[in-house]
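Colleague: I have a model open on my screen and would like to learn how to read it. Could you walk me through it, beginning with the way a chain is split up?

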Amino acid sequence: MSARTIELEILRYDPEQDDVPRYETYTVPYREDWVVLDAINYVKDELDRTLSYRWSCHMAVCGSCGMVVNGEPALACHTFLRDYPEKIRIEPLQNFPVERDLVVVMDDFIDKLGSVKPYVVAKEEKDVDDGEYLQTPAELAKFKQYTACINCLLCYSACPQYALNDSFVGPAALALAHRYNLDSRDVGRVAREDVVASNPGIWECSFVGACSEVCPKTVDPAAAIQQTKIASTADYFLSFLKPWNRK
Amino acid sequence: MSRHPYIREPSKTGWWLEQPRYIRYMAREMSALFIGIYGLILIVGLFRLSQGELAYEAFLTTVEGPAGLIFAVVAFVFAVYHTYTWFQVTPKAMPLMFGGKRVPGVIIIAAHWFGFLVVSAALWLLVGG
């Protein structure tokens, strides 16, 4: 272990003892290749066993270790200590209630994710024995970028619209709705519309674009939402040409 | 063990000062205000034109005065900024696929600038100069 050290100022909140969160500072020796998650694991293993946080894969795949590092939503496993000066402030994701320390309550997101039907709604359910739903590479290319979402919630933490109005369905859920709407195997677009094309859906977004800037998987939820707005607007005007299709 | 999650309330009025990207967003949105005011001035000009030559001459004197010119310069700067930010985000809102591949964003942005210049030049030829 090298002699280099870094100070971690970590938000602590114990729901059984604290009325409000507080900050605790830990001095952690670190190596050049350490990420923030390594430093937090060091705190847990060597300095303070009471620290609570979520993590799993340590390779930006599971989406568990989203937190706010020096004011910026980031995956702790994807953020190198060497890129920071001697001190780092670590807080739980913004815009979610703090369950304990760095753990947030994400029930609101889970409910919203379910509400957009984030799965292929097939025209006709096929038996497994009947084989796959086939798709060409060009059809896949249309939505592949949006499949990279790992539900890490950095986008919700960065979104000022969600901060001000938590009825907003939010970036990741709307990006996933768009992902399935673009899928050639899917016919669920109309079924998703009640949630997606509503005021708390895409129309609550004012295209700040913060979601896309912080996304660790370059999903670009802001792009997905703007494209959905255009599709929804086209639907609205086309409905005047085809009044028999109007609801 | 009891659950007692802590809820952090966001600032309702000062939130946009908290991050440089929020300030950039507000600057982009605010730039539309100047374009809107410029549009209103044009409508006032049309109204004055309908009132006759004297009224229109008085309107022209006002907008060509120092305050009018300063506003025109400021509005122009904001209009350019608004156009720039708007064109920058067009690849996100209108991605194009060609031969199963995504058209690079820079081409979509350049096409918008090209179209903008063509329309501006055509307008200049029609009514300017």
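Modeller: Happy to. Keep in mind that this is a predicted model. A good start is to look for domains along a chain: chain A is divided into domain 1, covering 5–104, and domain 2, covering 107–245.

Colleague: What distance separates the centres of domain 1 and domain 2 of chain A?

Modeller: Taken over C-alpha atoms, the two centres are 30 Å apart.

Colleague: And how many residues of each domain of chain A are in contact with the other?

Modeller: For contacts we ask whether two C-beta atoms, placed from the backbone, lie within 7 Å. In chain A, 14 residues of domain 1 are in contact with 12 residues of domain 2.

Colleague: Which elements give two or more residues to the domain 1 side?

Modeller: Look at strand 3 (66–69) and strand 4 (72–75) of chain A. Strand 4 provides the largest share of that side, 4 residues.

Colleague: What is the make-up of that side of domain 1 by class?

Modeller: Sort its residues into classes and you get 8 nonpolar, 5 polar and 1 charged.

Colleague: Let's step back to chain A as a whole. How many helices and strands does chain A have?

Modeller: There are 9 helices and 7 strands in chain A. For its extent, the C-alpha atoms fill a box of roughly 70 × 40 × 30 Å along the principal axes.

Colleague: What percentage of chain A is buried?

Modeller: Burial is judged by counting neighbours: a residue is buried if 20 or more other C-beta atoms lie within 10 Å of its own. Of the 247 residues in chain A, 37% are buried.

Colleague: How do I read contacts against the sequence?

Modeller: Ask how far apart the partners are along the chain. Take the contacts in chain A between residues at least 6 apart in sequence: 65% of these join residues at least 24 apart.

Colleague: Now for the partner chain. How many residues of chain B are in contact with chain A?

Modeller: The contact involves 20 residues of chain B and 26 residues of chain A. On the chain B side, helix 1 (20–50) and helix 4 (90–93) are the elements that give two or more residues. Helix 1 gives the most, with 3 residues. By class, this side of chain B has 12 nonpolar, 3 polar and 5 charged residues.

Colleague: Where do the domains of chain B lie in its sequence?

Modeller: Domain 1 of chain B spans 17–88 and domain 2 spans 96–129. Their centres, again over C-alpha atoms, are separated by 23 Å.

Definitions and conventions
Residues are numbered from 1 along each chain as its sequence is written. Chains are lettered from A and ligands numbered from 1 in the order in which they are written. This is a predicted model: local features need pLDDT of at least 70, side-chain atom pairs count only at pLDDT 80 or more; totals for chains, interfaces and linings use all residues. Domain bounds come from an automatic or database domain assignment. Ala, Val, Leu, Ile, Met, Phe, Trp, Tyr, Cys and Pro count as nonpolar, Asp, Glu, Lys and Arg as charged, and the others, Gly among them, as polar. A residue is buried if 20 or more other C-beta atoms lie within 10 Å of its own, exposed if 12 or fewer, and partly exposed in between; C-beta atoms are placed from the backbone.
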